[in-house]
Amino acid sequence: MLEHTIGFGGGKIILLGEHTVVHGTPAIAAGLGRGVTSIARSAPEDLLHIEPWGRSLRPSDDDPLARAFSKVLDDVGKRPPLRVDVRVDLPPGAGLGCSAAIGVSLLDAVDKALGIGRSRADIGARALDWERFFHGAPSGVDNTVSALGGLIRFQRSATVRSIPLTRPLHVVVAHSGERSSTKEMVARVSTRLSERPDWATKTLDEVCALVLDAELALRGGDWPRLGWALDRKQEILQSFGLSTPRLESLCELARSTGAHGAKVTGAGGGGCIIALAEDGHHAARIADALDADAFVEEIPHAA
Ligand code: PMV
């Protein structure tokens, strides 16, 4: 066994298709440069330590994180005791895929520690079990993009497709400061959809069309067209009861600074918005206007 091994899981933003992806429509997501790093090493006993939260957990503890950790260890079979130190560089409950990134980084570090060679796609797929400890019925988009990175189109039961860009995409990410629970938000949307089946079918069809159109806009570098899809999706997220006054005002501020479009990203009910800029300079101006903690993510074009 190596002295220590390092695993990584990226954060993510969902450009289009959150929530409806749980119900079978496609979504477009991008991996973030920042995420979660895990360090695994042999130790006297199994231990999970989440550094920024000051939490130390044993697999037997009564906690979803401990249970998820225990499952990861059980799945790899016979092994020496392992300590995993996790460094989280993402806000939790903010729509940036924090729990999936922890799962992917931890699985990656443990695999490497035990000399198990797995592809990133495999690690991503296995992290779906991890996600189930926190979100009940996750679609799989977060764990997939956390492992693979890049810009992808994801749909349940379909092959993941990478979306090549002809020019870099600059997205501003700003946190509302409000925290929310993905599990509760997913349940809220499911209830609304089941209460109004006709509206649900119409809405899911519309999101499907929006995602396909957005993919064409991405491939063609047509940011105004993409921005229109983002704004429309924000109206749909509002109708699901996922926006808040603070999220709305951040989206409005971004648009008044010239963003092509702005919307909540991820579970909503709090968390982050994303705003689409024309280029890097424009993105920096939008980020300045939004919040001191807002950051710009550049999604590079295909080489
Ligand atoms: O807010 P996050 O990072 O947990 O993202 C959840 C994405 C959803 O579409 C709302 C749920 C899912 O499983 O796809």
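A nonpolar core is a set of buried Ala, Val, Leu, Ile, Met, Phe, Trp, Tyr and Cys residues joined through side-chain atoms within 4.5 Å. The legends below describe a predicted model.

**View 1. The largest nonpolar core.** This core has 87 residues, and I13, L169 and L218 touch the most other members. Apart from it lies another core, which consists of 10 residues, including A27, V141, F154 and V186.

**View 2. The contacts of I13.** When neighbours within four places in sequence are left aside, I13 is in contact with I28, A29, A30, L32 and L96. The contacts of I13 also include V171, V173, T265, I274 and I299.

**View 3. The surroundings of the ligand.** The ligand occupies the space of the largest pocket. It is surrounded by 18 residues, of which K12, H19, S139, T182 and A267 are the closest.

**View 4. Polar contacts of the ligand.** An N or O atom in the side chain of K12 is 2.6 Å from an oxygen atom of the ligand. Polar backbone atoms also take part: that of G97 is 3.0 Å from a ligand oxygen atom, and that of A267 is 2.9 Å from a ligand oxygen atom. On its own, the ligand has 390 Å² of accessible area, and the protein covers 95% of this area.

Conventions:
Residues numbered from 1 in each chain as written. Predicted model: local features only at pLDDT ≥ 70, side-chain atom pairs only at ≥ 80, totals over all residues. Heavy atoms only, no water. Buried < 20%, exposed > 50% of the residue type's maximum accessible area, 1.4 Å probe, protein only. Contact = heavy atoms within 4.5 Å. Near = heavy atom within 4 Å. Polar contact = N/O pair within 3.5 Å; in protein donor to acceptor, adjacent residues only side chain to side chain. Areas by Shrake-Rupley, 256 points an atom, 1.4 Å probe, with all protein chains shown as cover. 1 Å grid on protein atoms, 1.4 Å probe; cavity = no way out; pocket = protein on both sides within 12 Å on 5 of 7 lines; lining within 4 Å. Sits in = over half its atoms within 2 Å of the grid points.
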